[in-house]
Amino acid sequence: MIHIVFNEADIEVLKQAIALDESLQGEVVQIKDDYAVGPLENIYLGEGREARNAWWREVLAGGDYDGKADSSEVDDLKTAAEIVGKMRRDADEVIWIWAAQNKHDVSGYYWLLHFMKEFQGRVYILYLNNLPFLNEKGQLFYPTWLHTIPPKEFLKAKKLSRPITLSEFEVDPDEWTRLSNENKGVRILEGGKKLVQADYDFYDADLQKFITTDWQKASRIINQFLSKNKHTTGDAYMLWRLKLLIAGGNYDVQGELKNMKDFEVKQHSNQTVETEG
């Protein structure tokens with residue numbers, strides 16, 4: 001059994017669950033890229049992959065994750081090829097794809113499906129869509145991320161496993177192709193597996209609400225956004241957007257525009273007048 005997850009934090013909690021249930025024994029593999037942001041056009045071709053890698057290099061340049069785009073750690077194509085090889089060599093091998101109800105997991109699922117069709121009947125999905133679980137305190141909650149589920153609750157989750165249907169193998173890749181051809185930069189989950197798209201500046205207006213008249217480190221602004229905003233994405237993406245807003249000349253900045261803790265930002269004094277007026 002090969003378990004596939006889409007977040008690093010999911011690996012450990014799933015391994016803990018596997019330790020509690022022998023029937024779940026298997027390898028845990030992570031798809032690492034965040035397909036909820038960035039270009040998708042021709043993503044299965046060399047030119048499309050290079051365009052995406054170039055975009056990530058631009059996003060991460062000079063920030064906390066500089067160099068990560070060129071890291072051999074993030075090579076989902078290689079990971080997918082290794083999974084396909086194992087499935088072809090062992091006719092008894094099965095795949096369980098674990099996804100919670102968030103745009104990151106769902107986008108990863110769509111990307112992965114392209115490589116799975118020849119194994120129809122041996123690929124299972126566990127989509128935790130609007131399903132209640134108990135947290136560590138025994139309280140009911142609806143997880144949007146797998147790693148927020150206590151390991152023992154995963155044993156309940158395994159009952160949700162079902163084969164991905166032939167219909168899904170036909171319809172879902174078509175939906176992903178449609179999204180890829182739209183050439184937008186941000187994907188948002190509307191519900192179920194329905195993704196809608198927006199431009200790269202989708203988060204900018206909400207991010208600006210957390211820039212005040214007082215000096216704040218970029219890390220604080222971004223963390224406020226991530227903890228309080230309805231729609232969020234990775235901190236590396238938000239650092240990129242914050243730097244672009246600053247480049248527009250709309251804010252005062254002090255420090256070096258590099259990592260999140262290297263510089264501070266505040267509103268111009270004339271923005272204060274406008275806000276008070």
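**A cavity lining and an open sheet**

Visitor: How do the residues of the lining of the largest cavity divide?

Guide: In this predicted model, the split is six nonpolar, one polar and one charged.

Visitor: What makes one of them charged and one polar?

Guide: Look at who lines the cavity: Val-59, Leu-60, Gly-63, Asp-64, Tyr-65, Ala-236, Leu-239 and Trp-240. Asp counts as charged and Gly as polar, so Asp-64 is the charged one and Gly-63 the polar one.

Visitor: Which elements give two or more residues to that lining?

Guide: Helix H2 (46-60) and helix H9 (235-247) do. H9 gives the most, with three residues.

Visitor: How do you know how many cavities of 30 Å³ or more there are?

Guide: A search of the whole structure turns up one. The largest cavity holds about 40 Å³. It's called a cavity because a 1.4 Å probe fits there but cannot get out.

Visitor: Okay, on to the strands. Why do S1 and S2 count as a pair?

Guide: Pairing needs at least two bridges, and S1 (residues 2-5) has four to S2, so they pair. The two run parallel, with Ile-2 opposite Glu-27 in S2.

Visitor: And what makes up the open sheet?

Guide: Five strands, ordered S2-S1-S3-S4-S7, with mixed pairing. Strand S2 (27-30) and strand S7 (162-163) are the edge strands, since each pairs on one side only.

Visitor: Where does helix H3 lie?

Guide: H3 (residues 76-89) lies across S1, S2 and strand S3 (95-100). Its angle to S2 is about 150°.

Methods
Residues numbered from 1 in each chain as written. Predicted model: local features only at pLDDT ≥ 70, side-chain atom pairs only at ≥ 80, totals over all residues. Heavy atoms only, no water. Contact = heavy atoms within 4.5 Å. Axes fitted to C-alpha atoms, helices over the stretch in contact; angles between N-to-C directions. 1 Å grid on protein atoms, 1.4 Å probe; cavity = no way out; pocket = protein on both sides within 12 Å on 5 of 7 lines; lining within 4 Å. Points joined across faces, edges and corners; volume = space filled by probe spheres on them.
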